[in-house]
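Student: I would like a close look at a single part of this structure, the metal site and its surroundings. Please give one connected account.

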Amino acid sequence: MNDSNNKDKKYVALTFDDGPNLDITPLVLDKLEEHGVVASFFLIGKFINNDTKPILERQLQLGCEIENHSWNHNHMDKYSAQEITDEINRTNEIIRDMVEVTPQFFRPPYISLSPTMYEAIDLPFICGINCLDWDPTVSAKERAEIVLRDVKDGDIVLLHDLTGNKNTVDALDEIIKGLKEDGFTLVTVSKLFELTGVNPKVKNKIWTNTYS
Ligand SMILES: [Zn+2]
């Protein structure tokens, strides 16, 4: 266990991959706003444009964080160092152009990893506990039950604001209420590392929990 001043408190970071889009991302933001909580969004660069820019602005207004989930969302483990760098830089640049923030974390698409990726990408890699929420046969109720069953202090929870993924929107009331009832404070990924007193800049590592 950690030895910080915050050891009497439990923290968790909800994260959402594969946006931004015009159908699901706004509904996720509605839920976060309704419950007064924040999350981190790992964006796909090629989906960021003038149509989705207001979504990024709203994410920041709500205190959420915007992170990097590559430009094309391919399996990057077969990519060269140059291709990898292009994916990361292009995504960072459009986010900077649109909303003047720079991502501090990277989530590899499909959690595909390679030594070249670890070498080429100068951002901490983030994974997370998952509730199979990319699988349309997993109901909203099951998604919430899996998260609440598995979650522990310092966890990152991997969810998807993937287009069409209404079951995750419908799971959020139960997930957020359940986490609060279990004594968790919901924070962004960068805040999670800060509050748990952990430096995320560890080479060749992908994080699911800040304590392990
Ligand atoms: Zn993804």
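Tutor: Asp18 has a relative accessibility of 8% in this predicted model, and because the limit for a buried residue is under 20%, Asp18 counts as buried. Its carboxylate oxygen (OD) is one of the donors to the zinc ion, together with His69 (NE2) and His73 (NE2), at 2.0 to 2.1 Å. Along the chain these donors follow the spacing D-x50-H-x3-H. The site thereby links distant parts of the chain: Asp18 lies in the loop between strand S1 (10-17) and helix H1 (25-35), whereas His73 lies in the loop between strand S3 (65-68) and helix H3 (81-99), 55 residues apart. His73 is likewise buried, with a relative accessible area of 14%.

Helix H1 contains Thr25, which is buried at 0% relative accessibility. The side chain of Thr25 reaches the backbone nitrogen of Asn21 at 3.0 Å. Leaving aside residues up to four places away in sequence, Thr25 touches Gly19, Pro20, Phe41, Ile55, Gln59 and Asp161.

Phe41 leads on to the nonpolar interior. With Leu14 and Leu32, Phe41 is among the residues with the most contacts inside the largest nonpolar core, which has 38 residues. Helix H6 (residues 166-181) supplies the largest share of this core, six residues. Leu32 touches Val37, Ala39, Phe41, Cys64 and Ile176, again not counting residues up to four places away in sequence. A second, separate core has 13 residues, including Tyr11, Ala13, Phe105 and Ile126. In soluble globular proteins, nonpolar side chains tend to be buried together.

Definitions and conventions: Residues are numbered from 1 along each chain as its sequence is written. This is a predicted model: local features need pLDDT of at least 70, side-chain atom pairs count only at pLDDT 80 or more; totals for chains, interfaces and linings use all residues. Side-chain values use heavy atoms; hydrogens and water are left out. Donors are N, O and S atoms within 2.8 Å of the metal (3.2 Å for Na, K and Ca); water is not among the atoms, so sites may look incomplete. Helices (H or I, at least four residues) and strands (E, at least two) are DSSP runs, numbered from the N terminus. Buried means under 20% relative accessible area, exposed over 50%, partly exposed in between (1.4 Å probe, protein chains only). A nonpolar core is a set of buried Ala, Val, Leu, Ile, Met, Phe, Trp, Tyr and Cys residues joined through side-chain atoms within 4.5 Å. Contact means heavy atoms within 4.5 Å. A polar contact is a pair of N or O atoms within 3.5 Å; within protein, one must be able to donate a hydrogen and the other to accept it, and residues adjacent in sequence count only if both atoms are side-chain atoms.
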